[in-house]
Number of protein chains: 2
Amino acid sequence: MQAMPIDREKFPPLYRTVANNDDGLESRSYVPGGLDVKTSTPLSAAPGANPEQFVGLALSTCLNATLEAIEKRRDLPHTSQVHTIVEMARDRRGFQFYVTAEIRLPGVDRQTAEAMVTLAESRCPVAKLLGGSENVVVKLVDDFTPVEPVAKA
Amino acid sequence: MQAMPIDREKFPPLYRTVANNDDGLESRSYVPGGLDVKTSTPLSAAPGANPEQFVGLALSTCLNATLEAIEKRRDLPHTSQVHTIVEMARDRRGFQFYVTAEIRLPGVDRQTAEAMVTLAESRCPVAKLLGGSENVVVKLVDDFTPVEPVAKA
């Protein structure tokens, strides 16, 4: 993460925002003038969002926006849905997330849907940011996996 | 993004959540039973969050939570703050984000602060997910960069 972003001159920013956390995990995270969210550790019952949820929101929104654009370009009805499961686990150092984005494309046949998922993954900026990680999976599903909390030991 | 997450058996999930987008960029993204956020394209003036903001919220919250834990372990006062600037630009295919996380650690000397930033980057799960991307920079700052919207052409 040392190198400066490449191609900034060729591809100048079209949009810029900032998101802040000033007090840690049990506080709030906010976009000045925009979204302002109470945060808490995922390992307590206290209400609040957490980094896991923000990662899931980022990938689901980005992938579905990209799929929507692909549907439009192909004159297909907009049927895509994205649910991203994020799990947190210990790691050799610190913690790690397992990220699984599930995509439903009920409006098209399997082969077309697979091609659209591959294309979306190559175009969506959030998928690109996460693309170097082995912990991230993007896949087409017929039905979303029911998501249950991890059982307490 | 094909391989399944590694080490899942050695490091079983401690927490699991899901974040959904069912309708595209001009709709809402939500965690069932939790955060529910109106979304809109960053290139319009319409109110709403977007993937750029979710990425920033994820990285700022995660890095500051990690820094807070490092401060606690070293018996230091909690002074860390993280502001993450996210910019969107065109790319060879689709779009890309430039992500710059700025960290303030006013409570400690420069050398200690640099070491803490390096440690946080190696431990924070969101920084790990993004660590393979050249578009991501994490850096220590004395003062946060003022963030202005991109001027319209």
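I began with the surroundings of Glu71(A): setting aside neighbours within four places in sequence, I find Glu71(A) in contact with Leu76(A), Pro77(A), His78(A), Thr79(A), Ser80(A), Leu105(A) and Met116(A). A reminder to myself before going on: this is a predicted model.

**Glu71(A), continued**

Where does Glu71(A) sit? I place Glu71(A) in helix H1 of chain A. Is Glu71(A) buried or exposed? I have Glu71(A) down as buried, yet without a salt bridge. I looked for the nearest side chain of opposite charge and got Lys72(A), 9.2 Å away. A salt bridge needs a side-chain nitrogen of Lys or Arg within 4 Å of a carboxyl oxygen of Asp or Glu, so Lys72(A) at 9.2 Å doesn't make one with Glu71(A). What does the side chain of Glu71(A) reach instead? I see it reaching the backbone nitrogen of Thr79(A), at 3.0 Å. Thr79(A) is also one of the contacts I listed at the top.

**The loop after H1**

Next I moved along to Asp75(A), which is in the loop between H1 and strand S4 (81-90) of chain A. Its phi caught my eye: about 55 degrees, so positive, although Asp75(A) is not a glycine. I count Asp75(A) as exposed because its relative accessible area is 71%.

I then checked Asp75(B) in the other chain. Asp75(B) is in the loop between H1 and S4 of chain B. Phi of Asp75(B) is near 55 degrees, again a positive value in a residue other than glycine. With a relative accessible area of 73%, Asp75(B) goes down as exposed.

I also looked up Leu76(B), in the loop between H1 and strand S4 (81-90) of chain B. How exposed is Leu76(B)? I get 27% relative accessibility, and therefore Leu76(B) counts as partly exposed. Not counting residues up to four places away in sequence, Leu76(B) touches Glu71(B), Val108(B) and Met116(B). I took one long distance as well: the C-alpha atoms of Leu76(B) and Lys128(B) are separated by 25 Å, with these positions 52 residues apart along the chain.

**Disulfides**

How many disulfides are there over all chains? My search of the whole structure turned up two. In chain A, I find Cys62(A) and Cys124(A) joined, their sulfur atoms 2.5 Å apart. The link of Cys62(A) and Cys124(A) is right-handed, with 135 degrees about the S-S bond. This pair ties together distant parts of the chain: Cys62(A) is in helix H1 (residues 51-73) of chain A, and Cys124(A) is in the loop between helix H2 (110-123) and helix H3 (125-130), 62 residues apart. I noted both Cys62(A) and Cys124(A) as buried.

For chain B, I have a disulfide joining Cys62(B) to Cys124(B), with S to S at 2.5 Å. Which hand does the link of Cys62(B) and Cys124(B) have? I read it as right-handed, with 135 degrees about the S-S bond. Here too the pair links distant parts of the chain, with Cys62(B) in helix H1 of chain B and Cys124(B) in the loop between helix H2 and helix H3 of chain B. Both Cys62(B) and Cys124(B) are buried.

**Domains of chain A**

Last entry. The domain assignment gives chain A a domain 1 (17-49) and a domain 2 (50-140). I put the C-alpha centres of these domains 23 Å apart. How many residues does each domain bring to the contact? I count nine residues from domain 1 of chain A and six residues from domain 2 of chain A.

Note on methods. Residues numbered from 1 in each chain as written. Chains lettered and ligands numbered in written order. Predicted model: local features only at pLDDT ≥ 70, side-chain atom pairs only at ≥ 80, totals over all residues. Heavy atoms only, no water. Disulfide = S-S within 2.5 Å. Helix = DSSP H or I, 4+ residues; strand = E, 2+ residues; numbered from the N terminus. Buried < 20%, exposed > 50% of the residue type's maximum accessible area, 1.4 Å probe, protein only. Lys, Arg positive; Asp, Glu negative; His and termini not counted. Polar contact = N/O pair within 3.5 Å; in protein donor to acceptor, adjacent residues only side chain to side chain. Contact = heavy atoms within 4.5 Å. Domains from an automatic or database assignment.
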